[in-house]
2 protein chains.
Amino acid sequence: MTDIRIDGATRLYGIVGHPIGQVKSPEVFSDLFAAGEINAVMLPLHVLPDRFDAAMAALMGLANLDGLLVTVPYKPQAARFADRLGPTASRIAAVNALRREHDGTWSGDMFDGVGFVRAFERKGCELRGRRVALFGAGGAGSAIGCELAAAGVASLAIIDPRTERAAALADTLRRAFTGCRVGAADAVPHNADMIVNASTVGMRDGDGLPGEVGELASDALVGDVIVSEEPTALIRHAIRHGCRYVIGREMIAGQAEAIMSFFAVARR
Amino acid sequence: MTDIRIDGATRLYGIVGHPIGQVKSPEVFSDLFAAGEINAVMLPLHVLPDRFDAAMAALMGLANLDGLLVTVPYKPQAARFADRLGPTASRIAAVNALRREHDGTWSGDMFDGVGFVRAFERKGCELRGRRVALFGAGGAGSAIGCELAAAGVASLAIIDPRTERAAALADTLRRAFTGCRVGAADAVPHNADMIVNASTVGMRDGDGLPGEVGELASDALVGDVIVSEEPTALIRHAIRHGCRYVIGREMIAGQAEAIMSFFAVARR
């Protein structure tokens, strides 16, 4: 791997969050920049909640800062710092990446779902026509639901204990994607052939499945956003049934690749 | 040399300036941090003049940023962002380094002259009692004049084509250091046994001496702030007369060491 160098000409990128110590992006993207012989680094930027607005304005005003990633809890608030939003970001009103354009304006988009879809595509899995059960209608679930609908899945059943959140996401997606049957649900539909966990279930040791999943046909697909050392209960369930699956780390790799392309457009 | 790594726990330091591409501090300090196994980097921070106040407030508000260096043109303006100033900084009302203390307040000091004095000390040169001719009463000259007076030189003749600037610096130093004879001058005094160039003469190829210097005794000392590939005319003059001397690069190395110590105090 190429060494990271920092000099007066180094271009800056940062990830804004609170807390910040846990983020992996500084390593992942600084290494990607170095590997691509781009004189740039990705920095952890720990912004406290009462300073968010001033910090964003000032960071975006640094003449040698070209892009920002945004993580918990700032993805919704960061959207209003973009002069224009990509399709997913504008549908779910949240961004996780912002880039400075040549004219000095800023574009924002949301890549949390893109990495998920890319990871399935890399494994040769066809998403078009799938009948999806999606656990979790928060930030990750919203982004993933949006990308799955855009990828042409036939239906999306959105399951979240906060039923008003599931209903709101279903409404948003139904309006945006008329070719996809979308609804809030309280259980996995019997004909589902793709199970996606975008809830936090699986984060803690000893967590089980995000809900009742039942038996799976071997041609069903399973995806889990949880990044963990050991496979989650849902991924173990997929393995037991011979299903193809995508884990959190694969989603993150797919997302990093998509974000690098997003940043690269502005450097051309 | 140890490799630079950046992760979520990396502490940030930055150098604020305009322009920024020419600064050497990001490399010098990032390497010093890595060599000391400190998980920290020094970043170039390009702040445009109309954004300086907002940028300083926001940068100092980042919870993982522990210190700032300040370069042209911001050293005077940056002083008011410190809750307390070190002795040199308060005398000349300018800072080139700020650090966050454990209680969240900020301390600032000016190290532009310290590196110069340290570099002479490292060579075993006694400054006490010297009769100094100092060319240049700008930022560098002010800081160096202050440190030379603090180091116990007997007299300081300050020479600057902007005579009001020379007179103002002489006034400041005379008040602060009653044991040192300080005055503005229009030529090197005949009894001078130390010549210091803190003007910009020597920056451009073909520049000559900063003023009439005359013959030097071999026990005279010569210092030049100019950082250049080839020795400046003043340094060549010193070499011809067998004098000991300090060049710009040695001053910078001495300053980096002093600033690392300044930052380290807050990390203890």
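So, the two domains of chain A: their centres, taken over C-alpha atoms, are 27 Å apart. Keep in mind as we go that this is a predicted model. Domain 1 of chain A covers 11-110, and domain 2 picks up at 114 and runs to 251.

How many residues of domain 1 of chain A are in contact with domain 2 of chain A? Six, and they meet seven residues on the domain 2 side. If you want to find that patch on the screen, go to helix 4 of chain A, residues 87-92: with three residues, helix 4 gives the largest share of the domain 1 side. As for the chemistry there, the domain 1 side has three nonpolar residues, two charged ones and one polar one.

Okay, over to chain B, and the sheet. We've got six strands here in an open sheet, and the pairing is mixed. Reading across, the order goes 2-1-3-5-6-4. Which strands sit at the edges? Strand 2, that's 40-46, and strand 4, which is just 84-85; each of those pairs on one side only.

Let's zoom in on strands 1 and 3 of chain B. Strand 1 is residues 11-17 and strand 3 is residues 65-70; the two run parallel, joined by five bridges. For a landmark, look for Gly14(B) in there: across from Gly14(B), in strand 3, is Leu68(B).

And what lies across this part of the sheet? That's helix 1 of chain B, residues 25-35, which lies across strands 1, 2 and 3 of chain B. Against strand 2 of chain B, helix 1 runs at about 165 degrees.

How values were computed: Residues numbered from 1 in each chain as written. Chains lettered and ligands numbered in written order. Predicted model: local features only at pLDDT ≥ 70, side-chain atom pairs only at ≥ 80, totals over all residues. Pairing = 2+ DSSP bridges. Helix = DSSP H or I, 4+ residues; strand = E, 2+ residues; numbered from the N terminus. Contact = placed C-beta atoms within 7 Å. Axes fitted to C-alpha atoms, helices over the stretch in contact; angles between N-to-C directions. Domains from an automatic or database assignment. Nonpolar A, V, L, I, M, F, W, Y, C, P; charged D, E, K, R; others polar.
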